[in-house]
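Please work through the exercises below with the sequence and the 3D view open beside you. Each one sets a task and then walks through a solution in small steps.

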Amino acid sequence: LQVEENGYRFDQKENRLNFVIHYDFLPPSVIPRFIVRMHRDIKSLHRWRSGVVLEDENIGAVAEIKSNERKREISIEVGGKQKRDYFSVIRKTLRDINASFEKLETTERVPLPGNEELFVDYDELIGHELDGKSDYYNGKLRKSFNVSQLLDGIEPKEERLKRREMKDMHDRYSEPSG
């Protein structure tokens, strides 16, 4: 794969879903493995060593997935009619790849609207929702954000709560007994 990005840009007017996966250590093979698994959806020749542009014409969605070794993160941008559905496929594929590495720690993050450089941990937002807190306050911006609106762009409430319950159940039963 070529080193340089080959210049695909989202339409600035398009409403996009943004998400970041931060790694304690970002294995260099994650993006190449992702590209192989998603090869059917590669848009034209928009692929390079650290990223890829995907398109699913059936659901009218386009995505750009890029890794940043220095920041130890993968950023995901998805636009189109059914962006949340396509994001779900991309996220599951990356989770499956991440799970194949032993003891790889990741943190999923949601950028805050109006400031793409500030993020909140996805699990923190889930915790707010589970505790019935409707707002997330960011001290740097001195602004509150609606938790449901931040999360609903990522996945439906029913799916995220079901997944959270399964994770809690797994954590409860995998703890060593004392």
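The exercises that follow move from the chain as a whole to single residues, and they concern a predicted model.

**Exercise 1. The chain as a whole**

Task: State how many helices and strands the chain has, and in what pattern they follow one another.

Solution: Begin with the count, which comes to 5 helices and 9 strands. Next, read along the sequence, where these elements follow the pattern β-α-β-β-β-β-α-β-β-α-β-β-α-α. Then turn to burial: of the 178 residues in the chain, 38% are buried. Finally, consider the contacts between residues at least 6 apart in sequence, of which 57% join residues at least 24 apart.

**Exercise 2. The aromatic cluster**

Task: Find which aromatic residues form one cluster, and describe how their rings are placed.

Solution: The count of aromatic pairs in the model is 2. One of them is made by F19 and F87, whose ring centres are 5.0 Å apart and whose planes stand at 65 degrees. Since the cut-off for edge-to-face is over 60 degrees, this pair is classed as edge-to-face. F19 belongs to strand β1 (residues 16–23) and F87 to helix α2, so the pair ties together parts that lie 68 residues apart in sequence. As for accessibility, both F19 and F87 are buried.

The step after this takes F19 again, now with Y122, and here the arrangement is also edge-to-face, with 6.0 Å from centre to centre and 70 degrees between the planes. This pair links distant parts of the chain, with F19 in strand β1 and Y122 in helix α3, 103 residues apart. Both F19 and Y122 are buried. Putting the steps together, F19, F87 and Y122 form one aromatic cluster.

**Exercise 3. An arginine over a ring**

Task: Determine over the face of which residue R91 lies, and whether R91 is buried or exposed.

Solution: Locate R91 in helix α2. From there, follow the side chain to Y122, since R91 lies over the face of Y122, at 4.7 Å from the ring centre. Because the relative accessible area of R91 is 4% and the cut-off for buried is under 20%, R91 counts as buried. To complete the picture, leave aside neighbours within four places in sequence, and R91 is found in contact with F19, E108, Y122, I154, E155 and R163.

**Exercise 4. The largest pocket**

Task: Describe the largest pocket by its volume, its lining residues and the elements that supply them.

Solution: Take the volume as the starting point, which is about 680 Å³. The pocket is lined by 21 residues, and the closest of these to its centre are R95, T106, E108, R163 and K167. When the lining is sorted by class, it has 6 nonpolar, 4 polar and 11 charged residues. The last step is to assign the lining to elements: α2 (83–99), β6 (106–112), α3 (122–130) and α5 (157–174) each supply at least two residues, and α5 gives the most, with 6 residues.

**Exercise 5. A buried isoleucine**

Task: Establish which residues I90 touches beyond those up to four places away in sequence.

Solution: Place I90 in helix α2, and note that its relative accessibility is 0%, so I90 counts as buried. Setting aside residues up to four places away in sequence, I90 touches F34, M38, L54, A63, I65, I76 and V78. For V78 a distance can be added, since the C-alpha atoms of I90 and V78 are 9.5 Å apart in space, while the two residues are 12 apart in sequence.

**Exercise 6. Two residues with positive phi**

Task: Say where R72 lies and where R142 lies, and how exposed R72 and R142 are.

Solution: R72 is not a glycine, yet it has a positive phi of about 55 degrees. R72 is found in the loop between β4 (61–68) and β5 (73–80), and at 35% relative accessibility it counts as partly exposed. Continue to R142, which also is not a glycine and has a positive phi of about 55 degrees. R142 sits in the loop between β8 (135–138) and β9 (143–146), and with a relative accessible area of 69%, R142 is exposed.

Key
Residues are numbered from 1 along each chain as its sequence is written. This is a predicted model: local features need pLDDT of at least 70, side-chain atom pairs count only at pLDDT 80 or more; totals for chains, interfaces and linings use all residues. Side-chain values use heavy atoms; hydrogens and water are left out. On a 1 Å grid over the protein atoms alone, a cavity is a set of points where a 1.4 Å probe fits but cannot get out, and a pocket is an open set with protein on both sides within 12 Å along at least five of seven lines; lining residues have an atom within 4 Å of a point. Grid points are joined across faces, edges and corners, and a volume is the space filled by probe spheres set on the points. Helices (H or I, at least four residues) and strands (E, at least two) are DSSP runs, numbered from the N terminus. Ala, Val, Leu, Ile, Met, Phe, Trp, Tyr, Cys and Pro count as nonpolar, Asp, Glu, Lys and Arg as charged, and the others, Gly among them, as polar. Rings of Phe, Tyr and Trp (its six-membered ring) pair if their centres lie within 6.5 Å; planes under 30 degrees apart count as stacked, over 60 as edge-to-face and the rest as tilted. Buried means under 20% relative accessible area, exposed over 50%, partly exposed in between (1.4 Å probe, protein chains only). A charge sits over a ring if NZ of Lys or CZ of Arg is within 6 Å of the ring centre and within 35 degrees of the ring normal. Contact means heavy atoms within 4.5 Å.
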